[in-house]
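Thank you for making room for this on the agenda. I would like to walk you through one structure slowly, so please have a look at it before I go on.

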Amino acid sequence: MRLGNPRSCGGGTWSQLACILLTLGSISPVRALSHSDMRRPLSGQIAPSAPVFETEEHVIFGQRVSVAKGNNGSWSVDTVGGTWHVWHYTAILDRIDLPLWPDSMLNARIVLTSEKCRDRILLPPAPFMPPRGLEYCGAHVSATAKPDSEHDTRHMRKWMAELMGWTSSTSSGRHPSLLATAGHQSSRTEAEISEEPALGPDAFIDLGNSSIYYFESFGAQALDVNRPGSRLDLGHFALGSQHPLQALIAPHVMHQGKKWLDNHRVEIGLRRTSEGFVKVAIQVLSLMHPAAGISIEPLQNATSRIAWIGPTKMTKAFVQAATDSVASPLDIPDEFYAEHDTTTQSAGTVDVRTSDFNSFHPSLIVSAHADANTPLISDQCHLDTIVMLPRTYFFDPYQLYELRDRLGDRYEHYGPIELERPAEVMPNWGSLLHLNQRPHTSALNATIPIHARYRLPPVAHERLVGYHGEPSGSSHVDLELLPPLSAVVCPAATAKPRHSVASEKDSVLRALDMRLALFDELGLWPVAALEPSLDAETLLRMPVGYAENATLTQALTLAVLFTGTLFLCLAARKQQNTT
């Protein structure tokens with residue numbers, strides 16, 4: 001199932017090329033996807049002639065780590081205390097069961113993250129990790145167009161929908177959502193899932209003119225990440241065993257016959273090469289539980305390396321390729337470590353409170369305050385806040401415009417401007433509001449009005465797609481909003497992660513580059529995160545009705561209409577008689 005090594009191809013140039021193509025077609029890691037030709041190299045181009053089509057790198061970051069090479073080519077790892085593990089994998093996909101890559105699309109990305117669903121993470125972040133708390137727990141699916149392409153996202157939407165499997169109908173004739181496909185909708189009934197509208201190209205929202213974005217949250221209970229000793233297979237949870245990309249998210253890290261990584265974050269990136277092929281890059285960030293004799297097996301027919309790095313620049317670091325018998329010292333530049341760690345120190349607090357939470361027109365009171373000693377608010381850096389709503393509620397863009405002085409001149413609203421349609425027929429996942437404060441402004445205080453979408457009555461007490469909360473009574477349903485995300489944002493030139501400087505000197509460190517979901521699509525480079533308030537109030541209560549009362553309601557409505565019409569006719573006749 002892995003791509004072949006063209007080193008085994010002998011003969012002349014044309015023989016080598018034919019061997020490469022035959023190898024790609026027969027033992028590709030995505031052979032399960034291979035039904036329609038996706039590569040179609042550009043005119044005059046040939047297949048890449050790199051010596052290897054697959055590369056993988058394991059990077060272990062911990063206090064006490066020892067690695068030994070086994071006789072069978074695998075590595076044996078002993079860890080004491082919590083340890084971070086990063087697996088970075090790249091490959092060229094020669095064939096895939098999808099339409100031809102859209103000419104206007106630059107890249108596609110899927111980010112699966114679980115950190116904000118975890119009660120407490122005892123292991124401190126590594127220097128290469130971005131500020132914590134700036135990625136919602138869930139699946140982030142996005143695509144970005146080329147800068148010089150026409151701003152038409154229809155082809156990107158269609159391609160991404162097929163990539164996610166949203167165009168494959170279920171046995172009920174409807175299309176599954178991302179999580180329904182994985183079979184992890186434990187908090188929802190079969191009736192709810194079967195009544196969901198089809199996910200498709202319109203599930204995405206536009207982020208400006210160049211990107212599309214979809215989000216679906218995970219539930220902490222369904223993830224089961226807060227149980228001691230739990231090890232989450234995040235790709236299997238979110239994508240399911242039948243999704244074609246799931247087979248690629250498989251670092252071979254085992255202990256006593258069990259998978260030994262607790263996935264915190266998975267990123268899958270797709271990009272078309274200049275030759276017309278599609279390159280996939282996968283990064284898996286995991287917690288490696290302490291144990292002796294953890295087995296890491298290199299992938300067949302791939303260039304594999306392992307590196308282990310200590311938490312300070314005083315500790316030694318090593319790197320070893322699968323073909324090497326001994327490890328070599330790894331020079332970690334001083335830029336990799338920082339004196340002032342903004343990833344662990346909060347830059348302030350962000351809070352949200354709902355006003356008139358049980359009405360059809362509630363408000364969100366959002367406040368964000370950067371610490372006075374934060375040196376990051378300057379002419380170049382500013383405070384940014386993101387507020388997200390599910391499709392059951394929406395922002396009124398006309399009201400936002402009236403509040404522009406309080407929100408900031410550079411606020412952006414993303415999502416459909418549809419004020420009257422019921423929630424159940426809205427195809428998109430939701431909407432978001434990006435508040436960009438002026439330079440030297442370290443605080444945000446705004447009251448933002450929102451509106452509830454009309455709901456169709458539930459059938460037989462089953463909550464449909466519009467009802468994301470659990471019913472708390474016979475007349476309403478509760479919903480907990482996601483808290484706002486707030487960060488100090490700087491231009492890319494000044495906010496370049498410190499390890500990126502180091503990664504230019506060694507490809508092992510390039511495997512550690514992480515780009516935050518949503519922030520990257522918005523072109524933002526956060527350098528410090530504001531911590532959500534512990535006493536935030538995010539409850540919204542929506543009045544609803546029941547379908548069994550529909551007959552009575554219709555009868556009473558007709559009776560009132562008939563009575564009113566009769567009264568008007570009698571009044572008009574009486575007025576005519578008097579005149």
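Let me begin with a question: is arginine 515 buried, partly exposed or exposed? Arginine 515 turns out to be partly exposed, with a relative accessible area of 35%. Please keep in mind throughout that what you are looking at is a predicted model.

Before I return to that residue, here is the wider setting. The protein chain holds 12 helices and 26 strands, and of its 579 residues, 50% are buried. If we take the contacts in the protein chain with a separation of 6 or more, 77% of them come from residues 24 or more positions apart. The accessible surface amounts to about 27,300 Å², and carbon and sulfur atoms account for 53% of that.

Now to the charged side chains. In general, side chains of opposite charge can pair when their charged atoms come close. In this model the count of salt bridges comes to 17, and I will discuss some of them.

One of these joins arginine 272 to aspartate 103, with 3.4 Å from N to O. Because arginine 272 belongs to strand β9, residues 261-272, while aspartate 103 sits in the loop between β2 (75-93) and β3 (105-113), this pair ties together parts that are 169 residues apart in sequence. As for their surroundings, arginine 272 is partly exposed at 23% relative accessible area, whereas aspartate 103 is exposed at 57%.

Strand β9 also contains glutamate 267, and this residue deserves some patience. Its side chain meets that of arginine 109 in a salt bridge, at 3.2 Å from N to O. Since arginine 109 lies in strand β3 and glutamate 267 in strand β9, the pair connects parts 158 residues apart in sequence. Both glutamate 267 and arginine 109 are buried, and for glutamate 267 the relative accessible area is 9%, which is under the 20% limit that defines a buried residue.

Glutamate 267 also forms a salt bridge with arginine 515, the residue I opened with, and there the closest N and O atoms are 3.3 Å apart. Arginine 515 is found in the loop between α11 (507-510) and β24 (525-529), so its pairing with glutamate 267 of strand β9 ties together parts that are 248 residues apart in sequence.

What, then, are Arg109, Glu267 and Arg515 linked in? They belong to a network of salt bridges that also includes Glu135, Arg265, Asp520 and Glu521.

Conventions. Residues are numbered from 1 along each chain as its sequence is written. This is a predicted model: local features need pLDDT of at least 70, side-chain atom pairs count only at pLDDT 80 or more; totals for chains, interfaces and linings use all residues. Side-chain values use heavy atoms; hydrogens and water are left out. A salt bridge is a side-chain nitrogen of Lys or Arg within 4 Å of a carboxyl oxygen of Asp or Glu. Helices (H or I, at least four residues) and strands (E, at least two) are DSSP runs, numbered from the N terminus. Buried means under 20% relative accessible area, exposed over 50%, partly exposed in between (1.4 Å probe, protein chains only). Contact means heavy atoms within 4.5 Å. Accessible areas come from the Shrake-Rupley method with a 1.4 Å probe; for residues, only the protein chains shown count as cover.
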